[in-house]
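This report describes a sheet, the helices packed on it, and the pockets of one model. The sequence and structure come first.

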Amino acid sequence: MKKIEAIIKPFRLDDVREALSNIGIAGMTVTEVKGFGRQKGHTELYRGAEYVVDFLPKVKLEIVVADAQVDQCIDTIIQTAKTGKIGDGKIFITSVEKIIRIRTGEVNEDAI
């Protein structure tokens, strides 16, 4: 089992969620986050004063999938979240040792 963490642009969230649902991904955790990379932030004008916005709003998806679904899940996120512009985000994949569903006691892939 793998945990996929994807940092994407917020306006792409609904499309990514729908595309993942279409390939059988049943659940995910979504968190609003802020950060920057090469994009570095930008300058905004507010009431006549310029100021730098260092951290840009992003959305972080956390999805745990069986090993057989990893590549399809990653490909779906890339195809759906990609705009071709700087700041499209990143995907991180880590191994998951064990999952336990609290309500039923199911473990590992049965708990996904």
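Which strands does helix 1 (residues 13-22) lie across, and at about what angle does it run to strand 5? In this predicted model, helix 1 lies across strand 1, strand 2 and strand 5, and its direction is at about 10 degrees to that of strand 5. Helix 2 (residues 70-81) lies across strand 1, strand 5 and strand 6, running at about 5 degrees to strand 1.

**The sheet**

The strands under these helices belong to an open sheet of four strands, in the order 2-5-1-6, with antiparallel pairing. Strand 2 and strand 6 are at the edges and have a single partner strand each, so one side of each lacks a neighbour in the sheet. From one strand to the next, the twist averages 20 degrees.

Strand 5 (residues 56-65) pairs with strand 1 (residues 2-8) through seven bridges in the antiparallel sense. Within this pairing, lysine 3 has valine 64 of strand 5 as its bridge partner, and isoleucine 7 is opposite lysine 60 of strand 5. Strand 5 is also paired with strand 2 (residues 29-35), again antiparallel and over seven bridges. Here valine 30 stands opposite leucine 61 of strand 5.

**The pockets**

The volume of the largest pocket is about 370 Å³. Its lining has 15 residues, of which Phe36, Gly37, Gly87, Gly89 and Lys90 are the closest to the centre. Both edge strands take part: strand 2 and strand 6 (89-95) supply at least two residues each to the lining of the largest pocket. Strand 2 gives the most, with three residues.

The second largest pocket has a volume of about 270 Å³. Among the 15 residues that line the second largest pocket, Gly27, Met28, Ile63, Val64 and Ile112 are the closest to its centre. Strand 5 provides the largest share of this lining, four residues. Val64, listed here, is the residue that bridges to lysine 3.

The table gives the linings by residue class.

| Pocket | Nonpolar | Polar | Charged |
|---|---|---|---|
| Largest pocket | four residues | five residues | six residues |
| Second largest pocket | nine residues | four residues | two residues |

How many charged residues are in the lining of the largest pocket? There are six, beside five polar and four nonpolar residues. In the second largest pocket, the lining has two charged residues and nine nonpolar ones.

Methods: Residues are numbered from 1 along each chain as its sequence is written. This is a predicted model: local features need pLDDT of at least 70, side-chain atom pairs count only at pLDDT 80 or more; totals for chains, interfaces and linings use all residues. Side-chain values use heavy atoms; hydrogens and water are left out. Two strands pair if DSSP finds at least two bridges between them. On a 1 Å grid over the protein atoms alone, a cavity is a set of points where a 1.4 Å probe fits but cannot get out, and a pocket is an open set with protein on both sides within 12 Å along at least five of seven lines; lining residues have an atom within 4 Å of a point. Grid points are joined across faces, edges and corners, and a volume is the space filled by probe spheres set on the points. Ala, Val, Leu, Ile, Met, Phe, Trp, Tyr, Cys and Pro count as nonpolar, Asp, Glu, Lys and Arg as charged, and the others, Gly among them, as polar. Axes are lines fitted to C-alpha atoms, for helices over the stretch in contact, and angles run from 0 to 180 degrees between N-to-C directions. Contact means heavy atoms within 4.5 Å.
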